[in-house]
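Let's take a walk through this one together. Have the model open in your viewer and follow along.

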Amino acid sequence: GQYVTLQKAGRTFRAPCPFHSERTPSFIVSPDRQSWHCFGACGTGGDVFSFVMKREGIEFPEALRLLAERAGVRLPERRVSEEQDKQRARLYSVNEAAAHFYRDLLLKGDAAAHARDYLDKRGLDSAAVQTFLLGYSPQGWEGLMDHLRKHAFTDREMLQAGLVIEGERGLHDRFRGRLMFAINDQKGRVIGFGARALDPSGEGPKYINTSQTALFDKGGVLYALDRAQAGIRREGRAVIVEGYMDCIAAHQHGFDNVIAQMGTALTERQVRIVKKLANEIVLALDADAAGSQAMVRGHEVVREALDGAEHAVPVISWRGLIGYQESAAVNLRIAVLPEGRDPDDVIRQDTDLWSQLIAEARPVLDFRLDAAAAAHDLTDPRGRSQFVQEFLPLLQTVTDLVVRAHYLQRLSRLSLLSEEELAALLRQTLARGKAREPVRPAASAAVTALPKGDAREEFLLGLLLRYPELRADGLEVRDDLLWESANRQILACWKQAGELEGVKRELPPELEPYLERLIVRKMPVFDIPQAREALLDCVMRLERRSLEAEKQAVSAQLATREEEVGSTALMNAALEESNDVIARELAELQLRDLETGLKLHGRERNDGRQAVGTDIDG
C-alpha cells in the first residue's frame with residue numbers, strides 16, 4: 001500500500017498495476033495467499049519480496065534489508081560489525097556535511113561569484129543547484145578541513161572519505177577552487193564528489209573525482225541514478241550521457257530517465273546496475289571522435305557485462321539485442337547527435353529534437369557498421385579488407401539467420417565481397433575462436449570432439465564421480481533435475497553402482513567418451529565440506545532452473561487462455577466471482593501459476609539468505 005492505492009474487493013484488494021499503464025485495475029493482492037498478481041499486460045506475480053525487488057530494481061538481499069528496516073526487524077546474520085556500521089555512517093555524515101558546506105559557499109560566498117556566473121551562462125537555475133546539491137570549493141588549502149573539524153569530524157574520517165589528502169604540506173583539502181557536484185548512491189546518500197575547474201588555464205585536469213573509498217567506487221556509480229531510477233522504470237529506457245551538466249540539463253527540462261557515466265568509460269558494473277531497472281540502454285554521448293569511441297567501448301562493455309551469465313544465450317533480434325541476454329535482454333541503442341553539439345546543447349535549444357533523437361536511436365550494430373565504414377577507405381582494397389576484419393567478428397554472436405543475412409548483405413555491398421564469401425569468412429572466424437579454446441591433455445580426441453553439454457549438470461556429476469564421500473547427498477538428487485538424457489543415465493548408473501568402476505561397467509559403450517570427459521573435467525580442489533556445499537549449491541541452481549521452466553510454461557498457458565477468454569474473466573476467477581467450469585479452470589491455472597512463482601521465489605530467497613550471511617553488501 002506504500003506504492004499503490006489498494007481498494008477492497010471481496011477477500012482481495014485491487015489497484016492499477018504499478019508496472020504498466022492501464023485504465024482498468026488488474027493488479028490483485030491476496031492477503032490469504034500473501035501474494036500479488038497482475039492479470040493485465042504484465043502477467044507476473046509473487047510475494048512482498050518479489051514486489052519490492054521489481055518495483056525498486058534491487059536483488060533479494062537488498063529487498064530483505066529494506067523490508068526489515070521498514071518492519072523494525074533486526075537481521076540476525078551480519079558480517080559487518082557494529083563498529084564498521086558506525087564508521088560507514090560517519091563517512092556518510094562527513095560527505096553530507098561537506099556537500100552542504102560547498103553548497104552554502106556557492107550560494108552566498110563572494111569567492112564563488114564566478115562559479116555562479118558560469119552556472120547562469122549554462123542555464124542552471126537555483127532549483128537545479130539545490131536539487132543536485134551543487135557547490136563550490138574554496139581556494140584555500142584548509143577551508144573544508146577547518147569547517148569539518150568544528151563539526152567534530154576527525155582528520156582520519158576526512159581522509160577515509162577522500163575529502164582531504166596528505167602531501168608535503170601535510171593534510172589539506174583535495175578540492176580547491178572548483179565547481180562541485182555531489183555524487184549520490186542509489187539511496188540518495190552523498191558518497192563522493194566530482195569537481196570541475198573553472199579556470200581553463202589553471203593547473204590540473206578539467207575534472208577530478210573523489211578517490212576510491214569505502215563508499216565511492218567510480219566504476220560502480222552512475223551520476224543522478226537516485227533521481228532517475230523512477231523515470232527509467234517508467235520509460236523502460238535509461239539514457240546515458242557523458243557529463244554532469246548534460247545530465248542536469250536533461251532533468252531540468254523534464255527528461256528524468258537520464259544518467260551520466262561521469263566522463264569515464266562505461267563499466268560492466270554500471271551496465272548491470274542499469275539492467276535491473278530497464279531493458280533498453282541508449283548511449284547519447286558527444287558528437288565527436290571521442291564520443292564515437294566511447295560508444296564503441298560501451299557496446300563492448302555491454303557484451304562483456306552480459307557474457308557468461310548463468311542463464312545467458314547468444315541472441316540478436318531486429319530490435320538490436322546485442323551479445324548476450326539473460327531472462328531480460330539489454331537492447332543497446334545509439335543516439336547520434338548533430339555534429340558539434342553535445343546533449344546539453346541539444347536539450348537547452350530544442351527539447352523536441354532531443355526527444356526525437358532518443359526515440360529514433362539506432363540499433364548498435366547499425367552504428368558499428370557505419371562507424372567501421374567511415375574509419376576505412378572503402379575505395380582501397382586494403383581499406384575494405386580492414387573494414388571487413390573489424391566488423392565481421394561482431395556477427396559471431398548473432399544466431400538469428402535473418403538478422404545475420406541482413407548485415408552480411410549490407411557488408412557485401414560496402415566491401416564488394418559476395419555474401420557467400422563473407423559467410424565463409426565468418427565460419428572461419430568462428431572456427432578459429434573454437435580452436436583457441438584450451439584442450440586438456442588428459443582428454444582423448446573422442447572426448448574433445450563431443451559437443452559441450454550443460455555446465456551445471458556436468459559439474460554436479462563431476463563432483464559425485466570425484467568425491468565418494470558425497471554418496472549420501474548424491475542419492476537425494478532427483479533424476480528429473482538433469483535435462484540431458486546422457487547425464488540422467490550416468491546419474492542412474494552412479495546411484496546403482498556406487499563407485500566409478502561400477503559406473504564404467506554399467507554404462508553403454510557409446511557414453512564412455514562422455515564419462516571420460518566428466519572424469520577429467522577441470523574443477524576446483526575442494527575439501528569434503530566444501531565439496532558438499534558445492535554439490536548442494538549446484539542442486540539448488542538446478543531446482544531453480546526447473547521451477548523457472550515450469551513457471552514459464554504455466555504463464556504461457558495462462559496467457560493463451562487470457563487471449564481466449566479475456567483478462568476480465570481471469571480477474572473474476574481470481575476474485576472468485578464466478579463458479580462456472582471455465583472460471584474454475586482459470587482459477588486453478590492461476591493458483592498453479594502463483595504457487596510455482598512462490599516456490600521459485602522461495603528458492604531465490606534461500607539463495608539471497610546465503611548472500612546476506614556471507615556478504616552484507618550483497
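What follows goes from the whole chain to two sheets, a helix, a cavity and a few individual residues.

Keep in mind from the start that this is a predicted model. The protein has 26 helices and 18 strands. Of its 618 residues, 46% are buried. If you look at contacts between residues at least 6 apart in sequence, 64% of them join residues at least 24 apart.

Start near the N terminus, with an open sheet. Its 5 strands come in the order S1-S2-S3-S4-S5, and the pairing is antiparallel. S1 and S5 (45-46) stand at the edges with a single partner strand each, so one side of each has no neighbour in the sheet. Further in, S3 (residues 27-30) and S4 (residues 35-38) pair in the antiparallel sense over 4 bridges. If you'd like a spot to check the register, find Val-29: its bridge partner in S4 is Trp-36. Now bring in helix H1, which lies across S3, S4 and S5 and runs at about 50° to S4.

While you're in this part of the chain, have a look at Tyr-3. It sits in the segment before strand S1 (7-9). Which residues does Tyr-3 touch, once those up to four places away in sequence are left out? They are Phe-51, Arg-55, Glu-56 and Arg-70. Helix H1 spans 48-56, so the numbering puts Phe-51, Arg-55 and Glu-56 within that helix. Two of the contacts are polar and run from side chain to side chain: Tyr-3 meets Glu-56 at 2.8 Å, and Tyr-3 meets Arg-70 at 2.8 Å. As for the backbone, the C-alpha atoms of Tyr-3 and Arg-55 are separated by 8.6 Å, although the two residues are 52 apart along the chain. Even with these contacts, Tyr-3 counts as partly exposed, because its relative accessible area is 25% and the buried class is kept for values under 20%.

Next, move along to the other open sheet. This one also has 5 strands, in the order S13-S12-S14-S17-S18, but here the pairing is mixed. S13 and S18 (362-363) are the edge strands, each pairing on one side only. A parallel stretch is found where 4 bridges join S12 to S14 (residues 280-283). One of the residue pairs to look for is Arg-237, whose bridge partner in S14 is Glu-280.

Helix H8 lies across S12 and S13 of this sheet, running at about 135° to S13. Which residues of H8 (225-235) are buried? They are Leu-225, Asp-226, Ala-228, Gln-229, Gly-231 and Ile-232. An α-helix has 3.6 residues a turn, so residues three or four places apart point the same way. With that in mind, try viewing H8 down its axis and picking out the buried set. These buried residues pack against quite a list of elements: helix H1 (48-56), strand S9 (178-184), strand S12 (237-241), helix H9 (244-252), strand S13 (258-260) and helix H10 (268-275). Notice that H1, the helix lying across S3, S4 and S5, is one of these packing partners of H8. Just after H8, Gly-236 takes a positive phi of about 70°.

Now step back to the residue ahead of the helix. Ala-224 is in the loop between strand S11 (207-209) and H8. Ala-224 has a positive phi of about 70° although it is not a glycine. Is Ala-224 buried or exposed? It is buried, because its relative accessible area is 5%, against a cut-off of 20%. For a contrast, go to Ala-152, in the loop between helix H6 (143-150) and helix H7 (155-160). Phi of Ala-152 is near 70° too, again a positive value in a residue other than glycine. Ala-152, however, is exposed, with a relative accessible area of 56%.

Ala-224 also leads us to the last stop, a cavity. The count comes to 1 cavity of 30 Å³ or more, and the largest cavity has a volume of about 60 Å³. Its lining is made of Thr-131, Phe-132, Ala-182, Ile-183, Asn-184, Tyr-223, Ala-224, Asp-226 and Arg-227. The elements giving two or more residues to that lining are S9 and H8. The largest share, 3 residues, comes from S9.

Definitions and conventions
Residues numbered from 1 in each chain as written. Predicted model: local features only at pLDDT ≥ 70, side-chain atom pairs only at ≥ 80, totals over all residues. Heavy atoms only, no water. Buried < 20%, exposed > 50% of the residue type's maximum accessible area, 1.4 Å probe, protein only. Contact = heavy atoms within 4.5 Å. Polar contact = N/O pair within 3.5 Å; in protein donor to acceptor, adjacent residues only side chain to side chain. Pairing = 2+ DSSP bridges. Axes fitted to C-alpha atoms, helices over the stretch in contact; angles between N-to-C directions. 1 Å grid on protein atoms, 1.4 Å probe; cavity = no way out; pocket = protein on both sides within 12 Å on 5 of 7 lines; lining within 4 Å. Points joined across faces, edges and corners; volume = space filled by probe spheres on them.
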